[in-house]
Amino acid sequence: MAIPKRLSKAMDSLTVNHEWGGVNEMPEEILAPDDWRLQEIMKFRKGLKL
């Protein structure tokens, strides 16, 4: 499965902005529910479960 471009941009944004990177941190713990990056991550996770 290829990584969607928007998901890649979301993950890169978190790393570049030093918002996330801890081993035990989950994106949903640091991002607001309406943050586009979290929405992309959750959409990808949902697709993996299907």
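This briefing walks through the salt bridges around Glu-40 and one further pair. The model is predicted, so please read the distances and accessibilities below as computed from that model. The count of salt bridges comes to four, and three of these pairs are described here: Glu-40 with Arg-6, Lys-43 with Glu-40, and Arg-45 with Glu-28.

**Glu-40 and its surroundings**

- Let's start with Glu-40, which is found in helix α3, a helix that covers residues 36–49.
- Glu-40 has a relative accessibility of 11%, and because buried means under 20%, this residue counts as buried.
- Setting aside residues up to four places away in sequence, Glu-40 touches Arg-6, Leu-7 and Ala-10.

**The bridge from Glu-40 to Arg-6**

- One of those contacts, Arg-6, also meets Glu-40 in a salt bridge between side chains, with an N to O distance of 3.1 Å.
- This pair links distant parts of the chain, 34 residues apart: Glu-40 sits in helix α3, while Arg-6 sits in helix α1, residues 5–16.
- The two partners have their own accessibility classes: Glu-40 is buried at 11%, whereas Arg-6 is partly exposed, with a relative accessible area of 46%.

**The bridge within helix α3**

- Glu-40 has a salt bridge with Lys-43 as well, and here the closest N and O atoms are 3.3 Å apart.
- Both residues of this pair lie in helix α3, where Lys-43 and Glu-40 are three residues apart, about one turn of the helix.
- Lys-43 has 53% relative accessibility, and because exposed means over 50%, Lys-43 counts as exposed.
- Through shared salt-bridge partners, Arg-6, Glu-40 and Lys-43 are joined into one network.

**The bridge from Arg-45 to Glu-28**

- Helix α3 has a part in this pair too: Arg-45 forms a salt bridge with Glu-28, and their closest N and O atoms are 3.1 Å apart.
- Arg-45 lies in helix α3 and Glu-28 in helix α2 (residues 27–30), so this bridge ties together parts that are 17 residues apart in sequence.
- Arg-45 is partly exposed, having a relative accessible area of 27%, and Glu-28 counts as partly exposed at 35% relative accessibility.

**A general note on such pairs**

- Side chains of opposite charge can pair when their charged atoms come close.

Conventions. Residues numbered from 1 in each chain as written. Predicted model: local features only at pLDDT ≥ 70, side-chain atom pairs only at ≥ 80, totals over all residues. Heavy atoms only, no water. Helix = DSSP H or I, 4+ residues; strand = E, 2+ residues; numbered from the N terminus. Buried < 20%, exposed > 50% of the residue type's maximum accessible area, 1.4 Å probe, protein only. Contact = heavy atoms within 4.5 Å.
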